[in-house]
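Keep the sequence and the 3D view open side by side. We will walk through the chain one element at a time.

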Amino acid sequence: MVNQVAFQGNREGDGNGDGDSRGNSDRPRAGYELPLLLFAGFRTLIDDVHAELARQGHPDARPAHGFALQAIGLDGATASDIARRLGISKQAAGKTVDRLVALDYAERVDDPADARRKLVRLTARGRDVLARSAAIFDRLRTEWATVLGEEHLRAIEDGLRAVAAPGAFRLDAAGWIGGMG
């Protein structure tokens, strides 16, 4: 089920010191709450996806792995391509690929276009974890729509699309958040 978000601690200017902004829609909102709420929603979805992936046979899958698997893509990619797509160093990409290979999510093969290069490809297990995560995200969205109402959820999605900077959604988000490895 969907987790509830609450902030703890006394905030300047809220007057009640309980730190919980739910249910008081008329009070002024502190600007810092928006990124915290967005991150808390993101974190809730990601944590729920990974808990379910663990139940479905992928206990070692981590959020950074999902970004890396997307960077590899269905056609495969070189380590340099992966590094560029994720916004990380080639060394960090190599470590990430090593981990994905160890988990049997990816494999290194000769590049058919250039025998001097290695290509990283998704394995059947890698494609499986991506397919399962997509299905879980769809289920979680349905749960959020049940709690918030479909119309309200669509309004949130549309609003976020309207204010998000062009090109803000990129695979390098994992590197931006704090690195990969």
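Start at the hairpin: two residues carry the chain from strand S1 to strand S2. S1 covers residues 106–111, and S2 covers residues 114–122. The two strands run antiparallel and are paired over six bridges. To fix the register in your view, find Ala106, which faces Leu122 of S2. In a regular strand, side chains alternate between the two faces of the sheet.

Before going further, note what kind of object this is. The model is predicted. Its protein chain has a mean pLDDT of 84, and 79% of the residues reach 70 or more. Confidence varies from element to element. Helix H5 (residues 124–148) has the highest mean pLDDT among the elements, at 97. Helix H7 (residues 173–177) has the lowest, at 49. Residues 1–19 have pLDDT below 50, although the model gives this stretch 32 contacts beyond near neighbours in sequence. Residues 175–181 also stay under 50. For them the model has 13 contacts beyond four places in sequence. Where pLDDT is low, the predicted coordinates should not be read in detail.

Now step back from S1 into the loop that precedes the strand. Asp104 sits in this loop, between helix H4 (90–102) and S1. Its phi is near 65°, a positive value in a residue other than glycine. How accessible is Asp104? Asp104 has a relative accessible area of 40%, so it is partly exposed.

Another positive phi comes just after helix H3. Here the residue is Gly87, with a phi of about 70°.

H3 itself spans residues 79–86. Which of its residues are buried? They are Ile82, Ala83 and Leu86. These residues lie on the same side of H3, because they cover an arc of only 100° around the axis. H3 also holds a salt bridge, between the side chains of Asp81 and Arg84, at 3.9 Å from N to O. The partners are three residues apart in H3, about one turn of the helix. An α-helix has 3.6 residues a turn, so residues three or four places apart point the same way. Are the two partners buried or exposed? Asp81 is partly exposed, with a relative accessible area of 23%. Arg84 reaches 57% and is exposed.

Go back along the chain to helix H1 (residues 33–55). The structure holds one aromatic pair. Phe39 and Phe42 form this pair, with ring centres 6.2 Å apart. Why does the pair count as tilted? The planes make an angle of 35°, and a pair is stacked under 30 degrees and edge-to-face over 60, so this angle falls in the tilted range. Along the sequence, Phe39 and Phe42 are three residues apart in H1, and therefore about one helical turn separates them. Phe39 is partly exposed, at 44% relative accessibility. Phe42 is partly exposed too, at 35%.

Next, turn to charged side chains elsewhere in the chain. A search of the whole structure finds 15 salt bridges. One of them is in H5, where the side chains of Arg139 and Glu143 meet at 2.5 Å, N to O. Arg139 and Glu143 are four residues apart in H5, so they too are separated by about one helical turn. Their surroundings can be read from the accessibilities. Arg139 is partly exposed at 35%. Glu143 is buried, because its relative accessible area of 16% is under the 20% cut-off.

Finish with helix H6 (residues 150–163). Asp158 and Arg161 form a salt bridge here, and their closest N and O atoms are 3.3 Å apart. Both lie in H6, three residues apart, about one turn of the helix. Asp158 is partly exposed, with a relative accessible area of 48%. Arg161 is exposed, at 59% relative accessibility. Which residues do shared salt-bridge partners join into one network? The network consists of Arg141, Glu150, Arg154 and Glu157.

Key. Residues numbered from 1 in each chain as written. Predicted model: local features only at pLDDT ≥ 70, side-chain atom pairs only at ≥ 80, totals over all residues. Heavy atoms only, no water. Phe/Tyr/Trp six-rings, centres within 6.5 Å; stacked < 30°, edge-to-face > 60°. Buried < 20%, exposed > 50% of the residue type's maximum accessible area, 1.4 Å probe, protein only. Pairing = 2+ DSSP bridges. Arc of directions from axis to C-beta. pLDDT = per-residue confidence, 0-100. Contact = heavy atoms within 4.5 Å. Salt bridge = Lys/Arg side-chain N within 4 Å of Asp/Glu carboxyl O.
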